[in-house]
Amino acid sequence: MPEPQSRAAQILGERLKAVRLERGVSQETVAHLADMHVTNLGKIERGQANPRMSTIIRIAGVLDVDPGELIAGIGLAELPGVDRVNVRDLIDELKRRGK
């Protein structure tokens, strides 16, 4: 069964596509310069793939954008099936319990 499409992947894909269109370049050009198959870039732009960090950095470099801008604000809430407890919540709960 395929992995559920994450909102994080959708956001990243939308941002990549917007930057690419701003730059006025095709998926084929970006894929070639990033040394990847155009099909994979298309999947990333549609939010159907979760690229590795190295892939995000390569694409961002080709598009001359800071990779941090592409993932800014994406957090646990945008991932499917992730327990949304973070370290701060855990510490607060332990303090509440007196531990």
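## Exercises on helix α4 and its surroundings

T55 is found in helix α4. The model is a predicted one. Work through each task, then read its solution.

**Exercise 1.** Decide whether T55 is buried or exposed, and find which residues it touches beyond four places in sequence.

*Solution.*
- Step 1: Take the cut-off. Buried means under 20% relative accessible area.
- Step 2: Apply it. T55 has a relative accessible area of 13%, so it is buried.
- Step 3: List the contacts. Leaving out residues up to four places away in sequence, T55 touches M36 and I44.

**Exercise 2.** Find which residues of α4 are buried, and where they sit around the axis.

*Solution.*
- Step 1: Pick out the buried residues. In α4 they are T55, I56, I59, A60 and L63.
- Step 2: Look at their directions. They span an arc of only 130° around the axis, so they lie on the same side of α4.
- Step 3: Find their partners. The buried residues of α4 pack against α1, α2, α3 and α5 (67-71).
- Step 4: Look just past the helix. There, D64 takes a positive phi of about 55°.

**Exercise 3.** Describe the largest nonpolar core: how many residues does it have, and which element gives the most to it?

*Solution.*
- Step 1: Count. The largest nonpolar core has 15 residues.
- Step 2: Name those with the most contacts inside it. They are L16, M36, L41, I59, L63, V65 and L70.
- Step 3: Assign elements. α1 (7-23), α2 (27-33), α3 and α4 each give two or more residues to this core. α4 gives the most, with 4 residues.
- Step 4: Zoom in on L70. Not counting residues up to four places away in sequence, L70 touches L12, R15, L16, V19, I56, A60 and V65.
- Step 5: Set this in context. In soluble globular proteins, nonpolar side chains tend to be buried together.

**Exercise 4.** Now turn to the surface. Which residues make the nonpolar patch of about 260 Å², and how accessible is M53?

*Solution.*
- Step 1: Name the members. M53, I57 and I71 make this surface patch.
- Step 2: Place M53. It lies in helix α4, which runs over residues 53-63.
- Step 3: Check accessibility. Partly exposed lies between 20% and 50%. M53 has a relative accessible area of 48%, so it is partly exposed.

**Exercise 5.** Place K43 in its helix, classify its accessibility and find its neighbours.

*Solution.*
- Step 1: K43 lies in helix α3, residues 38-45.
- Step 2: Its relative accessibility is 36%, so K43 counts as partly exposed.
- Step 3: Beyond four places in sequence, K43 touches Q48 and A49.
- Step 4: Compare chain and space. K43 and A9 are 34 residues apart along the chain, and their C-alpha atoms are separated by 9.7 Å.

Note on methods
Residues are numbered from 1 along each chain as its sequence is written. This is a predicted model: local features need pLDDT of at least 70, side-chain atom pairs count only at pLDDT 80 or more; totals for chains, interfaces and linings use all residues. Side-chain values use heavy atoms; hydrogens and water are left out. Patches are made of residues with over 30% relative accessible area and no salt bridge: like charges are joined within 9 Å, nonpolar side chains (Val, Leu, Ile, Met, Phe, Trp, Tyr) within 5 Å. Accessible areas come from the Shrake-Rupley method with a 1.4 Å probe; for residues, only the protein chains shown count as cover. A salt bridge is a side-chain nitrogen of Lys or Arg within 4 Å of a carboxyl oxygen of Asp or Glu. Buried means under 20% relative accessible area, exposed over 50%, partly exposed in between (1.4 Å probe, protein chains only). Contact means heavy atoms within 4.5 Å. A nonpolar core is a set of buried Ala, Val, Leu, Ile, Met, Phe, Trp, Tyr and Cys residues joined through side-chain atoms within 4.5 Å. The arc is that of the directions from the helix axis to the C-beta atoms.
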